[in-house]
Amino acid sequence: SNWLRTMLSEREDLAGPHPPHILRDFFPILDKFGDLEDEENLEILVDHVCTFVESNQVQWLDKHGRPMKFDRQKILDIAVSTVHILRVVYKDKDINQKYYLIA
């Protein structure tokens, strides 16, 4: 909740940034990004989400108090490996709906 986030933000060793509501805003338009198994489409989605968070009205700050700048390639690599793991877990069954729900 917001109260817990605020409490966590008071500690120097923890971060409790304001939630940008990524799922609320991106889930309804997810299909506009095309087949997310196509790495180019996934890369576009990652860039849009990162830009969305970086441009949030309440900025996320790093430990030095500077606005966050996300490493898009690192996030893309994690997203690709996560989809691969889910594909193995679900043995190439129709995971499209399943991994969107997990995300």
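A contact here means heavy atoms within 4.5 Å.

**View 1. The whole chain, a predicted model built from helices.** This is a predicted model, and its protein chain holds five helices and zero strands. Follow the sequence along and you will read the pattern α-α-α-α-α. If you look at contacts with a separation of 6 or more, 42% of them join residues 24 or more positions apart.

**View 2. Surface and interior of the protein chain.** The accessible surface amounts to about 8000 Å². Carbon and sulfur atoms supply 58% of that surface. As for the interior, buried residues account for 20% of the 103 residues in the chain.

**View 3. A nonpolar patch on the surface.** Five side chains are worth finding here: W3, L4, M7, L8 and L14 make up a nonpolar surface patch. Together these residues offer about 500 Å² of accessible area. Zoom in on L4, which sits in helix α1, spanning residues 2-9. Is L4 buried or exposed? Its relative accessible area is 44%, so L4 ranks as partly exposed, the class between under 20% and over 50%.

**View 4. N41 and its surroundings.** Now move to helix α3, residues 39-54, where you will find N41. Why does N41 count as buried? Its relative accessibility is 18%, and buried means under 20%. Which residues does N41 touch, once neighbours within four places in sequence are left aside? The partners in contact with N41 are F33, G34, D35 and L36.

Technical notes. Residues are numbered from 1 along each chain as its sequence is written. This is a predicted model: local features need pLDDT of at least 70, side-chain atom pairs count only at pLDDT 80 or more; totals for chains, interfaces and linings use all residues. Side-chain values use heavy atoms; hydrogens and water are left out. Patches are made of residues with over 30% relative accessible area and no salt bridge: like charges are joined within 9 Å, nonpolar side chains (Val, Leu, Ile, Met, Phe, Trp, Tyr) within 5 Å. Accessible areas come from the Shrake-Rupley method with a 1.4 Å probe; for residues, only the protein chains shown count as cover. A salt bridge is a side-chain nitrogen of Lys or Arg within 4 Å of a carboxyl oxygen of Asp or Glu. Helices (H or I, at least four residues) and strands (E, at least two) are DSSP runs, numbered from the N terminus. Buried means under 20% relative accessible area, exposed over 50%, partly exposed in between (1.4 Å probe, protein chains only).
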